Amino acid sequence: GVIMANGQGGFQPPGASSSGSAGGGSGGSIWVESGETFGSGNFSATGGNGAGLYGGGGSGGRIGIYTSVGLSCASTTQCPGNSFYGYLVAYGGLSQAEGGAAGTILQQDLYTGYTSLILDNNGQVPRFPIPDLTVSSAVPGYPQTSLALDHGRTWIPPGDLKLALQSQASASSLTDYTFDLVTISDYVNLAFAPSQLSFLAVVQKLVATTTNPAKYATINLGNSQIMQVVS
(Lines give C-alpha, C1' and ligand atoms only; values in the text may rest on other atoms or scores of the structure.)
Protein backbone atom coordinates (compact mmCIF):
# COMPACT_ATOMS: atom_id res chain seq x y z
CA GLY A 1 0.00 0.00 0.00
CA VAL A 2 0.86 3.66 -0.27
CA ILE A 3 0.32 6.55 2.14
CA MET A 4 0.73 9.87 0.34
CA ALA A 5 0.66 13.53 1.32
CA ASN A 6 2.14 14.88 -1.90
CA GLY A 7 1.89 18.48 -3.04
CA GLN A 8 -0.06 19.18 -6.20
CA GLY A 9 1.84 20.14 -9.33
CA GLY A 10 1.53 23.63 -10.70
CA PHE A 11 -1.04 24.01 -13.49
CA GLN A 12 -0.29 25.83 -16.70
CA PRO A 13 -3.23 26.01 -19.14
CA PRO A 14 -2.52 24.67 -22.64
CA GLY A 15 -1.06 27.36 -24.85
CA ALA A 16 -0.23 29.68 -21.97
CA SER A 17 2.94 31.77 -22.14
CA SER A 18 5.78 31.45 -19.67
CA SER A 19 4.21 34.28 -17.68
CA GLY A 20 1.49 31.79 -16.76
CA SER A 21 3.94 29.66 -14.78
CA ALA A 22 2.74 28.14 -11.53
CA GLY A 23 4.62 26.75 -8.56
CA GLY A 24 4.04 23.31 -7.11
CA GLY A 25 2.47 22.78 -3.69
CA SER A 26 4.55 21.67 -0.73
CA GLY A 27 4.37 18.13 0.54
CA GLY A 28 2.24 17.52 3.59
CA SER A 29 2.90 15.66 6.84
CA ILE A 30 2.66 11.96 7.69
CA TRP A 31 2.78 10.93 11.35
CA VAL A 32 2.69 7.23 12.27
CA GLU A 33 2.84 5.80 15.81
CA SER A 34 2.60 2.03 16.22
CA GLY A 35 3.92 -0.91 18.17
CA GLU A 36 5.31 -2.30 14.92
CA THR A 37 5.50 -1.08 11.35
CA PHE A 38 5.71 -3.85 8.77
CA GLY A 39 5.16 -4.52 5.07
CA SER A 40 6.63 -3.17 1.86
CA GLY A 41 4.49 -0.12 1.16
CA ASN A 42 5.52 3.45 0.56
CA PHE A 43 5.25 6.69 2.53
CA SER A 44 5.44 9.74 0.28
CA ALA A 45 5.33 13.46 1.08
CA THR A 46 6.92 14.95 -2.02
CA GLY A 47 6.52 18.49 -3.30
CA GLY A 48 4.61 19.16 -6.50
CA ASN A 49 6.44 19.97 -9.71
CA GLY A 50 6.52 23.52 -10.99
CA ALA A 51 4.87 24.38 -14.31
CA GLY A 52 6.25 26.66 -17.02
CA LEU A 53 9.64 28.35 -17.12
CA TYR A 54 9.32 30.10 -13.78
CA GLY A 55 7.18 27.84 -11.64
CA GLY A 56 9.21 26.62 -8.67
CA GLY A 57 8.91 23.14 -7.22
CA GLY A 58 7.17 22.68 -3.89
CA SER A 59 9.27 21.68 -0.90
CA GLY A 60 9.16 18.15 0.41
CA GLY A 61 7.00 17.48 3.44
CA ARG A 62 7.58 15.87 6.82
CA ILE A 63 7.40 12.15 7.62
CA GLY A 64 7.59 10.85 11.17
CA ILE A 65 7.61 7.10 11.89
CA TYR A 66 7.53 6.18 15.58
CA THR A 67 7.66 2.48 16.51
CA SER A 68 8.47 0.60 19.69
CA VAL A 69 10.23 -2.34 18.01
CA GLY A 70 13.03 -0.92 15.90
CA LEU A 71 13.79 1.64 13.21
CA SER A 72 12.42 1.06 9.74
CA CYS A 73 15.15 0.35 7.24
CA ALA A 74 15.94 -1.33 3.95
CA SER A 75 15.54 -4.96 5.00
CA THR A 76 14.48 -7.23 7.85
CA THR A 77 18.08 -8.43 8.06
CA GLN A 78 19.19 -4.94 9.06
CA CYS A 79 16.31 -4.55 11.51
CA PRO A 80 15.56 -7.84 13.25
CA GLY A 81 12.10 -7.69 14.77
CA ASN A 82 10.85 -5.02 12.38
CA SER A 83 9.51 -6.21 9.05
CA PHE A 84 8.91 -2.90 7.31
CA TYR A 85 11.13 -2.46 4.25
CA GLY A 86 9.26 0.01 2.09
CA TYR A 87 10.27 3.44 0.83
CA LEU A 88 10.14 6.76 2.65
CA VAL A 89 10.44 9.76 0.32
CA ALA A 90 10.04 13.50 0.86
CA TYR A 91 11.71 14.96 -2.23
CA GLY A 92 11.16 18.53 -3.36
CA GLY A 93 9.26 19.05 -6.60
CA LEU A 94 11.05 19.39 -9.95
CA SER A 95 11.24 22.70 -11.80
CA GLN A 96 12.87 24.43 -14.75
CA ALA A 97 13.54 27.40 -12.46
CA GLU A 98 14.13 26.19 -8.90
CA GLY A 99 13.46 22.78 -7.45
CA GLY A 100 11.83 22.43 -4.05
CA ALA A 101 13.86 21.81 -0.90
CA ALA A 102 14.13 18.35 0.61
CA GLY A 103 11.65 17.35 3.27
CA THR A 104 12.56 15.50 6.46
CA ILE A 105 12.14 11.85 7.43
CA LEU A 106 12.33 11.23 11.16
CA GLN A 107 12.33 7.68 12.53
CA GLN A 108 12.30 6.94 16.23
CA ASP A 109 12.20 3.78 18.31
CA LEU A 110 9.91 4.68 21.21
CA TYR A 111 11.36 1.85 23.30
CA THR A 112 15.05 2.69 23.03
CA GLY A 113 14.74 6.33 22.01
CA TYR A 114 17.01 5.76 18.99
CA THR A 115 16.31 8.59 16.55
CA SER A 116 17.41 9.06 12.95
CA LEU A 117 16.89 11.90 10.52
CA ILE A 118 17.12 11.51 6.74
CA LEU A 119 17.40 14.40 4.28
CA ASP A 120 17.38 13.30 0.65
CA ASN A 121 16.34 15.39 -2.35
CA ASN A 122 17.01 12.78 -5.04
CA GLY A 123 20.11 14.62 -6.23
CA GLN A 124 18.35 17.82 -7.29
CA VAL A 125 20.76 20.70 -7.82
CA PRO A 126 19.71 24.08 -6.33
CA ARG A 127 19.71 27.02 -8.71
CA PHE A 128 22.58 28.55 -6.71
CA PRO A 129 24.22 25.61 -4.92
CA ILE A 130 27.15 27.69 -3.66
CA PRO A 131 26.19 30.44 -1.16
CA ASP A 132 27.47 33.95 -1.88
CA LEU A 133 29.10 34.92 1.42
CA THR A 134 29.72 38.49 0.28
CA VAL A 135 26.04 39.45 0.25
CA SER A 136 24.26 40.45 3.45
CA SER A 137 21.30 38.38 4.54
CA ALA A 138 17.78 39.63 5.20
CA VAL A 139 17.38 36.95 7.86
CA PRO A 140 18.52 37.79 11.41
CA GLY A 141 21.15 35.38 12.63
CA TYR A 142 22.57 34.72 9.16
CA PRO A 143 24.59 37.88 8.42
CA GLN A 144 26.87 36.28 5.83
CA THR A 145 24.44 34.37 3.67
CA SER A 146 22.08 35.71 1.05
CA LEU A 147 18.90 33.67 0.74
CA ALA A 148 18.46 35.16 -2.74
CA LEU A 149 21.57 33.26 -3.80
CA ASP A 150 21.27 30.25 -1.49
CA HIS A 151 18.22 28.28 -2.51
CA GLY A 152 16.52 25.05 -1.60
CA ARG A 153 16.96 25.17 2.18
CA THR A 154 15.40 22.62 4.50
CA TRP A 155 14.55 24.44 7.71
CA ILE A 156 14.38 22.84 11.15
CA PRO A 157 12.76 25.02 13.85
CA PRO A 158 13.84 25.31 17.49
CA GLY A 159 12.46 22.69 19.85
CA ASP A 160 8.90 23.18 21.09
CA LEU A 161 9.98 23.36 24.73
CA LYS A 162 12.44 26.14 24.01
CA LEU A 163 9.80 28.13 22.14
CA ALA A 164 7.47 27.76 25.11
CA LEU A 165 10.20 29.05 27.45
CA GLN A 166 11.67 31.66 25.13
CA SER A 167 11.12 34.46 27.64
CA GLN A 168 13.09 32.63 30.30
CA ALA A 169 16.88 32.68 30.60
CA SER A 170 16.95 28.92 31.21
CA ALA A 171 15.70 28.29 27.67
CA SER A 172 19.13 29.04 26.16
CA SER A 173 20.65 25.99 27.86
CA LEU A 174 18.18 23.47 26.43
CA THR A 175 19.17 20.98 23.74
CA ASP A 176 16.77 21.38 20.84
CA TYR A 177 17.29 17.98 19.23
CA THR A 178 19.33 14.85 19.78
CA PHE A 179 19.85 12.50 16.82
CA ASP A 180 21.61 9.16 16.91
CA LEU A 181 22.05 9.28 13.14
CA VAL A 182 21.67 12.04 10.56
CA THR A 183 21.96 11.06 6.90
CA ILE A 184 22.23 13.91 4.41
CA SER A 185 22.43 13.38 0.64
CA ASP A 186 23.66 15.18 -2.49
CA TYR A 187 22.94 18.93 -2.60
CA VAL A 188 20.70 18.98 0.44
CA ASN A 189 20.85 22.42 2.07
CA LEU A 190 20.02 22.14 5.77
CA ALA A 191 19.50 25.10 8.07
CA PHE A 192 18.24 25.61 11.60
CA ALA A 193 15.59 28.31 11.82
CA PRO A 194 16.82 31.73 12.93
CA SER A 195 16.04 32.54 16.51
CA GLN A 196 17.14 35.02 19.14
CA LEU A 197 17.81 31.95 21.25
CA SER A 198 20.87 29.77 20.94
CA PHE A 199 20.31 26.44 19.18
CA LEU A 200 21.95 23.14 20.08
CA ALA A 201 21.64 19.91 18.10
CA VAL A 202 23.56 16.85 19.27
CA VAL A 203 24.32 14.30 16.53
CA GLN A 204 25.90 11.00 17.53
CA LYS A 205 26.75 10.11 13.92
CA LEU A 206 26.64 12.22 10.75
CA VAL A 207 26.69 10.43 7.39
CA ALA A 208 26.86 12.12 3.97
CA THR A 209 25.84 9.95 1.04
CA THR A 210 26.79 10.77 -2.53
CA THR A 211 26.89 9.21 -5.97
CA ASN A 212 29.58 11.63 -7.12
CA PRO A 213 32.50 13.09 -5.12
CA ALA A 214 31.91 16.44 -6.87
CA LYS A 215 28.51 16.71 -5.21
CA TYR A 216 28.08 17.86 -1.64
CA ALA A 217 25.57 18.87 0.99
CA THR A 218 25.48 22.05 3.06
CA ILE A 219 24.67 22.56 6.75
CA ASN A 220 24.07 26.19 7.71
CA LEU A 221 24.62 27.32 11.30
CA GLY A 222 23.76 30.86 12.30
CA ASN A 223 25.02 32.98 15.16
CA SER A 224 24.77 31.19 18.52
CA GLN A 225 23.88 27.90 16.85
CA ILE A 226 25.84 24.73 17.59
CA MET A 227 25.77 21.26 16.09
CA GLN A 228 27.75 18.86 18.23
CA VAL A 229 28.79 15.84 16.14
CA VAL A 230 30.21 12.89 18.08
CA SER A 231 31.34 10.81 15.09
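Begin this tour of a predicted model by selecting Gly113, which takes a positive phi near 85 degrees in the hairpin of S6 and S7. This hairpin has 5 residues between its strands.

**The strands beside the hairpin**

Extend the selection to S6 and S7, which run antiparallel and are joined by 4 bridges. Within this pair, Gln107 stands opposite Ser116 in S7. Next, add S4, which runs parallel to S6 and is joined to S6 by 6 bridges. Here the residue to pick out is Ile63, standing opposite Ile105 in S6.

Is S6 enclosed or open? Of the 6 residues of S6, 5 are buried, so this strand is largely enclosed by the rest of the structure.

**The second largest pocket**

Now select Arg62, Tyr66, Thr104, Leu106 and Tyr177, the residues that lie nearest the centre of the second largest pocket. The volume of this pocket is about 440 Å³, and its lining comprises 17 residues. Display strand S2 (29-34), strand S4 (62-67), strand S6 (104-109), strand S7 (115-119) and strand S9 (177-179): each of them supplies at least two residues of the lining. Which strand gives the most to the lining of this pocket? It is S4, with 4 residues. When the lining is coloured by class, 10 residues are nonpolar, 6 are polar and 1 is charged.

**The nonpolar cores**

Proceed to Phe179. Leaving aside neighbours within four places in sequence, Phe179 is in contact with Leu106, Thr115, Leu117, Val202, Val203 and Gln204. Phe179 also belongs to the largest nonpolar core, which has 16 residues. Together with Phe179, the residues with the most contacts inside this core are Leu117, Leu119, Val182, Leu190 and Phe192. At least two residues of the core come from each of S7, strand S10 (181-184), strand S11 (189-192) and strand S12 (199-203). S12 gives the most to this core, with 3 residues. Apart from this core lies another, of 11 residues, with Ala5, Val32, Ile63 and Leu88 among them; Ile63 is the residue already seen opposite Ile105. In soluble globular proteins, nonpolar side chains tend to be buried together.

**The largest cavity**

For the last stop, turn to the enclosed spaces: the structure holds 2 cavities of 30 Å³ or more. The largest cavity contains about 60 Å³ of space. Select Gly100, Asn121, Gln124, Pro126 and Gly152, which are the closest to its centre among the 13 residues that line this cavity. By class, its lining has 6 nonpolar, 6 polar and 1 charged residues.

Technical notes
Residues numbered from 1 in each chain as written. Predicted model: local features only at pLDDT ≥ 70, side-chain atom pairs only at ≥ 80, totals over all residues. Heavy atoms only, no water. 1 Å grid on protein atoms, 1.4 Å probe; cavity = no way out; pocket = protein on both sides within 12 Å on 5 of 7 lines; lining within 4 Å. Points joined across faces, edges and corners; volume = space filled by probe spheres on them. Nonpolar A, V, L, I, M, F, W, Y, C, P; charged D, E, K, R; others polar. Buried < 20%, exposed > 50% of the residue type's maximum accessible area, 1.4 Å probe, protein only. Pairing = 2+ DSSP bridges. Core = buried A, V, L, I, M, F, W, Y, C linked by side-chain atoms within 4.5 Å. Contact = heavy atoms within 4.5 Å.
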